[in-house]
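Open the model in your viewer and keep the selection panel handy. We will go from stop to stop, and at each one you will hear what to select and what is there.

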Amino acid sequence: MTTVVEPGLRRRRNRLRWRNTVSGWTFILPNFVGFALLTLVPIVALIYISFTNWNAFGAADWMGLKNYTRLFKDRSYRVALWNTVYYTVFHLPLTLAVSLGLALLLNRKIKAVAFFRTAAFFPYITSVVAIAIVWNLLFSPEYGPINQVLSFIGVDNPPRWTVSSDWSMPAIIIVATWREMGYYMILFLAGLQAIPRELYEAARVDGASSWGRFRNVTVPCLRPTTFFVTVMLSIESFKVFDLILVMTDGGPGQSTFVLSQMIFNKAFVENQYGYASAVSVSLFVICLAITVFQFLVNRRIER
Amino acid sequence: MSPRLAPERVPTAGVSARPRSAVRRRISKVTLYGTLIVASAFLLLPFFWLLMSSLKKDNDVFTVPIRWIPEIFEWHNYVDIWVNADMGIWLKNTMILSIVVTLLQVFTGSFAAYGFSRIRFPGRNALFLGYVATIAVPWQAYMVPQFIMLSKVGLTNTLWSMIALQAFGAFGVFLMKQFYETVPEELSEAARVDGLSEFGIYRRIMLPLSVPAIASLALLTFVKTWNDYLGPRIYLRDRDLFTIQLGLKTFTADPQHASQFALVMTGSVLSVVPIAIIFMAGQRYFVEGIATSGMKG
């Protein structure tokens, strides 16, 4: 690098750089135009709109922080936030545990492994609409199969599931876990199979029990995957919506009313785009905060 | 690297030659299969019930005690649904959308991924970071400004809005880039020396090599578009534009049909069948696509 670059070479290098820039952008442009217009611009616009009282007719006045102060006083917002947290607190660990369990079960030489994998993955590729229809009927309080099974095994007052405000959220959590565990199972399987076999063999030579092998080989080696799954699951949980929209529509009462439902209702039912955007910003900030927080924790553990 | 989910590479549990462990191994094997069978029953029972109910009479869907298998198979449900609902229109719209969106996503995604992974230019990494960062932003957070923008240009209530919404996702770029990184740089270098243009390298070398990745992306995109409910719910008003998900949901919510449980189930089965077929045919690619997108965060 210490040699003096002759002008001809430099010019050639500049030309190459220029050519690379042009061809790089040519490749990226078709996607970038759509991506910028439909994702980047809306994200920036969101912040502006959240400070206005934009409505369906497009009349927008600058409101300053009014939407946000209104948000803090809004009882519905607190309910939505609380329900979203409630959903996340149960759905996240449950899905994590079940999908890891499934992955561990399926990560071995057994017959029909393909069948079991398909069975676990199938709910994930089924549309929420079909899922909601089936589970709503399965959950019907009087004649639904689930409550019939429950009373058959001796439960006296089986829960009224989606028509009761206490049990609607647990019902949603069950269905959501059932639907998503196959997806995370695949991520865990990929992580498990990246663990070098030699580590297990070494542990066995050292006389480690299967629990010891799990604790001292599987868990530490799987940490990057677990981290990724946790980040994904938190974001997925906080933005939970379409399942709720089709299964309970936020009800009964406000028992399954979550943040995304509030954005949807304010924007597309009540046409209050400005206020809906303020709710959106809060969702955005929460997801960002979770991701950053998890990255920080992860870095600290790694050190 | 793209991980293969092949069972051969899996560490087997408890393989040792001691005779004492033979019995134990047998017991653990039985427990394992027992657990798996119970788990998959729990996973698949809703589908079984859906399929069987779609062949019942409306009044027989809920019976005490539960009857899993209908007495008489009401095959005509599968004819009635086409008359009672706009099944044909819904399927046609959904098919058009899924195909167009998939083509656009695969084309623009793989093209951009090539630019990101093979061509060095200033600002490239920052730009890619922007792409990745938006994957963590939930769509629900920016669906409102997006809707305002698309309605300003008059695209709401058209199928175009659905195409615009779904065809340019960052996910496709990310997935394809992950794959391209596994292709040795020397291949493109050699081609460059031989005088092939960047586009030539993309077309002649990368594209043929990335068929499995493209299959993954295409299948995932197709299924996602097919199953999307929220987008159509927000954007599409005309009944002629309804997709299968929106149509089915509207049909169920209509008081006129709400008690036609069997017919509702028939419609649900029909909405799932195409996806089931695609999934069975390309399962390997689904699994690899998801596993790849999960690697390296």
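## Stop one: charged pairs

Searching the whole structure turns up five salt bridges over all chains, a salt bridge being a side-chain nitrogen of Lys or Arg within 4 Å of a carboxyl oxygen of Asp or Glu. Before you click on, please note that this is a predicted model, in which local features need pLDDT of at least 70, side-chain atom pairs count only at pLDDT 80 or more, and totals for chains, interfaces and linings use all residues. Residues are numbered from 1 along each chain as its sequence is written, chains are lettered from A and ligands numbered from 1 in the order in which they are written, and side-chain values use heavy atoms, with hydrogens and water left out.

Why look at such pairs at all? Side chains of opposite charge can pair when their charged atoms come close.

Select B:E198 and B:R192, whose side chains meet in a salt bridge with N to O at 2.8 Å. Add B:E189 to the selection: salt bridges that share partners join B:E189, B:R192 and B:E198 into one network. Is B:E198 buried or exposed? B:E198 counts as buried, at 15% relative accessibility, while B:R192 is partly exposed at 26%. Here buried means under 20% relative accessible area, exposed means over 50%, and partly exposed is in between (1.4 Å probe, protein chains only).

Next, pick B:E181 and B:K177, another salt bridge, with the closest N and O atoms 3.7 Å apart. B:K177 is buried, with a relative accessible area of 14%, whereas B:E181 is partly exposed at 39%.

Now jump to chain A and select A:K239 together with A:E236. They form a salt bridge whose closest N and O atoms are 3.6 Å apart, and A:E236 is partly exposed, with a relative accessible area of 30%.

## Stop two: where the chains meet

Colour the two chains separately and select the residues in contact (heavy atoms within 4.5 Å). You should pick up 96 residues of chain B and 88 residues of chain A.

The size of an interface is often given as the accessible area lost when the parts come together. Buried area is used in that sense here: the accessible area (1.4 Å probe) that two parts lose on being put together, summed over both. For chain B and chain A it is about 8700 Å², of which carbon and sulfur atoms give 78%.

Which helix should you highlight on the chain B side? Try helix α1 (residues 20–53) of chain B, which gives the largest share of the side that touches chain A, 13 residues. Helices (H or I, at least four residues) are DSSP runs, numbered from the N terminus.

Then colour that side by class: it has 66 nonpolar, 22 polar and eight charged residues. In this scheme Ala, Val, Leu, Ile, Met, Phe, Trp, Tyr, Cys and Pro count as nonpolar, Asp, Glu, Lys and Arg as charged, and the others, Gly among them, as polar.

How many salt bridges cross between the chains? The rule finds zero across the interface of chain B and chain A. It does find nine residue pairs in polar contact there, both residues at pLDDT 80 or more. A polar contact is a pair of N or O atoms within 3.5 Å; within protein, one must be able to donate a hydrogen and the other to accept it, and residues adjacent in sequence count only if both atoms are side-chain atoms.

## Stop three: the domains of chain B

Hide chain A and select 7–77 and 79–294 of chain B, which are domain 1 and domain 2; such bounds come from an automatic or database domain assignment. Their centres, taken over C-alpha atoms, are separated by 32 Å. The contact takes 13 residues from domain 1 of chain B and twelve residues from domain 2 of chain B.

Together these domains bury about 1000 Å², 69% of it on carbon and sulfur atoms. Show B:L50, B:D58 and B:N77 as sticks: within domain 1 of chain B they lose the most area to domain 2, together 51% of what that side buries. Between the two domains there are zero salt bridges and one residue pair in polar contact.

## Last stop: the domains of chain A

Bring chain A back and select domain 1 (1–49) and domain 2 (69–302). The C-alpha centres of these domains of chain A lie 39 Å apart, and their contact takes four residues from domain 1 and six residues from domain 2. They bury about 380 Å² between them, 84% of it on carbon and sulfur atoms. On the domain 1 side, the residues divide into four nonpolar, no polar and no charged.

Conventions. Helix = DSSP H or I, 4+ residues; strand = E, 2+ residues; numbered from the N terminus.
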